[in-house]
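Load the model in a viewer and keep the selection panel open. The stops below go from one selection to the next.

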Amino acid sequence: MGRTLQNTMINLGLQNACDEAVYQLGLDMEELEEIEEDAGLGNGGLGRLAACFLDSMATLGLAAYGYGIRYEYGIFNQKIRDGWQVEEADDWLRHGNPWEKARPEYMLPVHFYGRVEHSASGAKWIDTQVVLALPYDTPVPGYMNNTVNTMRLWSARAPNDFNLRDFNVGDYIQAVLDRNLAENISRVLYPNDNFFEGKELRLKQEYFVVAATLQDIIRRFKASKFGSTDSVRTVFDSFPDQVAIQLNDTHPAMAIPELMRIFVDIEKLPWDKAWDITKRTFAYTNHTVLPEALERWPVDLVEKLLPRHLQIIYEINQRHLDHIASLFPNDVDRLRRMSLIEEGDTKRINMAHLCIVGSHAVNGVAKIHSEIVKTQVFEDFAELEPEKFQNKTNGITPRRWLLLCNPGLAELIAEKIGEDYVRDLSQLTKLHKFVDDDLFIREVAKVKQENKVKFALYLEKEYKVKINPSSMFDVHVKRIHEYKRQLMNCLHIITMYNRIRRDPAKLFVPRTVIIGGKAAPGYHMAKMIIKLINAVAQVVNNDPVVGSKLKVIFLENYRVSLAEKVIPATDLSEQISTAGTEASGTGNMKFMLNRALTIGTMDGANVEMAEEAGEENLFIFGMRVEDVTELDRKGYNAQLYYDRLPELKQAVDQIKSGFFSPKDPNLFNDVVNMLFHHDRFKVFADYEAYVKCQEKVSELYLNSKAWTKMVIRNIAAAGKFSSDRTIKEYARDIWHVEPSDLKIPPPNEPRDAGQDKTPNGTTA
């Protein structure tokens, strides 16, 4: 979520008033804002997307709730020591959190372990261990519409009789100390992005948030007029018409068997009725196609922790496979492929398959990704129910990612096309008529220059490096992962360095290359990549021949509040994943909206950005998905590229020989070995096209006016990438609710009786 203060002031229309009031107290609002800690309760794009979605849902007047875990420690703070990433605990609640309100009156029990007893009256889950879920509510204000929604985060608490009723009869002290075991559930965020780690504590976290949330939803449903008992029909008949639950990836997949457990075991609904309601309630968003990221929980672990849920999953699977077998008799391989249970050394539950079978809608997050989901990853399921599969291209909130972080540009746009674009970003197309307006071109360039000077001062303060603010700010910020190919950027840096050294007198367009992002603590290769970037920076930044022509900076502890500083100062946005690996990306959209140009592959939302702005207004290079598939078919041989491209060979040899690590020449052996022998993401295959494309970038940068015109065309085409548009599509196609642009009256004005009725019955 990042910081809340400035976002709240903007959405409430109070920023100027607050600035003035604080100024009159002799304080500086910007200094005050810098004191607030980021709420870093997610890993990368997935968590930030949820935050943008909350902002849009409130702005569109949807009755929607965001549910999650109130981690005591969020994503780790990253320190760079001697070029290596070192993790520190993110004690973000140290000074308290003024935005949250504990709601002990809504505390709920969550059960673990135990056993299942079957009787004539049905199944009973007994002898369980109980953990209490204590909700904390954070307000989510809509933009200037007097709507405030709720984000409800659950914290784990031990019950007061924990470990005291059954055993530990004499050891009271130890029993109280053991309360920590229960409360560890909400202690810390697992820091993996796009990687599955099958740990018991993680599964506990996933079930904890799901069980608490479903009880909360059902309590609210029963308390509403729709849930009131009608002698004619089942209480829950209207449930899917009143409740929509969107599964953000498979992490909350246990919600499907949990809702079935509630309906069948507790509410005593017949299975078929319960299953029909469950399917109509859930929808699933897939966020990645990387096999190592797909959740596959060992059956043994689920059986120990959630024995009843395992039985329910088996029953769901049995009925699912019976249905497949009736449609495709004797096709055992299809049954194996489509089963929720994977046989092997250890039997595992494929959570994505569970989500697809248990939902009425499945979507990817960009056109190209949704196609891959349909035709490759889940092709058997899409063949069965093609109407279930949709696309919902991701978006970003223009409130945080333009108004808040780039007020200069936001104001400049408002002067030209009015202020309404903030709630309807498609209006940015009106900027097309100013592409040739010399005054506007100069003003856009001026705002960018001011942002760059401000960020250069920040860098000099934080990193003690002198930055040339007229150099091209070439920025690559995102989680560190092989598929995102920070290594390819690194090879380009080395290539530029070698070119300057080879011919120091030759004209060179000065660059400041900024790379930032966190590596999962257990991801060895990602940590080596950070060390390599820092080692290269060390050499480049201290070479007198290079001077101010090329500077390399690794941005420490990349997070939302730092993104808000770097993105508005960026000239060139790096979006260079191997085609077919980045589901969507959202950083790409933030840069586009903040007047950076994009160098990128035809991957994720880059494809649609090129479609909107015209491919000639992005720097697109490299293999397309078809080329990657073809190269896989032929077999990728890295050596071929190394032998054919002298500049690539030189750069790789320098890494290999210890040119960047003279004290330990073998330091980067693992990286080099990976590049040659098991590079799944084919860095060498795109290197040549990437370097050539970068030359075109430098050439255009020399012509400031042509560059800025291309920038304006990009901003004018960025309207599609508002999360408001994304949420409208979810609302209409999946949740079946109508967004409303009604501004509800503020609390100090009396309401008409007529205005009391909300246009949206359904809660998302």
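Two strands count as paired here if DSSP finds at least two bridges between them. The model is predicted, and every stop below refers to that prediction.

**Stop 1: the open sheet**

Select strands E17 to E22. These six strands form an open sheet with parallel pairing, and their order across it is E19-E18-E17-E20-E21-E22. Strand E19 (550-555) and strand E22 (619-620) stand at the edges; each has a single partner strand, so one side of each has no neighbour in the sheet.

Now reduce the selection to residues 472-477, strand E17, and residues 511-516, strand E18: this pair is parallel and runs over six bridges. To see one bridge, pick valine 477, whose partner in E18 is glycine 516.

Next add residues 438-463. This is helix H19, which packs on the sheet and touches E17, E18 and E19. The direction of helix H19 makes about 70° with that of E19.

**Stop 2: lysine 452**

Stay on helix H19 and pick lysine 452, which lies in it. Is lysine 452 buried or exposed? Its relative accessibility is 0%, so lysine 452 counts as buried, the cut-off being under 20%.

Show what surrounds the residue. Leaving aside residues up to four places away in sequence, lysine 452 touches Pro469, Ser470, Ser471, Met472, Phe473, Ala569, Asp571 and Tyr701.

For a sense of scale, draw a C-alpha to C-alpha distance from lysine 452 to isoleucine 312: the two are 57 Å apart in space and 140 residues apart in sequence.

**Stop 3: lysine 590**

Move to residues 587-593, helix H23, where lysine 590 is found. An unreviewed UniProt entry annotates Lys590 as "modified residue: N6-(pyridoxal phosphate)lysine". That annotation may be inferred rather than shown by experiment.

With 7% relative accessibility, lysine 590 counts as buried. Which residues does lysine 590 touch, not counting residues up to four places away in sequence? They are Arg48, Ile396, Trp401 and Ile567.

**Stop 4: the second largest pocket**

Select Asp82, Gly83, Asn534, Ala535 and Gln538. Among the 24 residues that line the second largest pocket, these lie nearest its centre. The volume of this pocket is about 660 Å³.

Colour the lining by element. Strand E2 (77-81), helix H21 (524-541) and E19 each give two or more residues to it. Helix H21 gives the most, with seven residues. Strand E19 is also an edge strand of the sheet from the first stop.

**Stop 5: the largest cavity**

The structure holds four cavities of 30 Å³ or more. Go to the largest cavity, which has about 160 Å³ of space. Its lining is made of 14 residues, and Met1, Asn7, Asp55, Val140 and Arg400 are the closest to its centre.

Then show helix H4 (45-59) and strand E8 (129-141); each supplies at least two residues of this lining.

**Stop 6: a hairpin**

Finish at residues 115-119, strand E6, and residues 122-126, strand E7, which pair in the antiparallel sense over five bridges. How many residues lie between E6 and E7 in the hairpin they form? There are two. For one bridge of this pair, pick glutamate 117, whose partner in E7 is lysine 124.

How values were computed. Residues are numbered from 1 along each chain as its sequence is written. This is a predicted model: local features need pLDDT of at least 70, side-chain atom pairs count only at pLDDT 80 or more; totals for chains, interfaces and linings use all residues. Side-chain values use heavy atoms; hydrogens and water are left out. Helices (H or I, at least four residues) and strands (E, at least two) are DSSP runs, numbered from the N terminus. Contact means heavy atoms within 4.5 Å. Axes are lines fitted to C-alpha atoms, for helices over the stretch in contact, and angles run from 0 to 180 degrees between N-to-C directions. Buried means under 20% relative accessible area, exposed over 50%, partly exposed in between (1.4 Å probe, protein chains only). On a 1 Å grid over the protein atoms alone, a cavity is a set of points where a 1.4 Å probe fits but cannot get out, and a pocket is an open set with protein on both sides within 12 Å along at least five of seven lines; lining residues have an atom within 4 Å of a point. Grid points are joined across faces, edges and corners, and a volume is the space filled by probe spheres set on the points.
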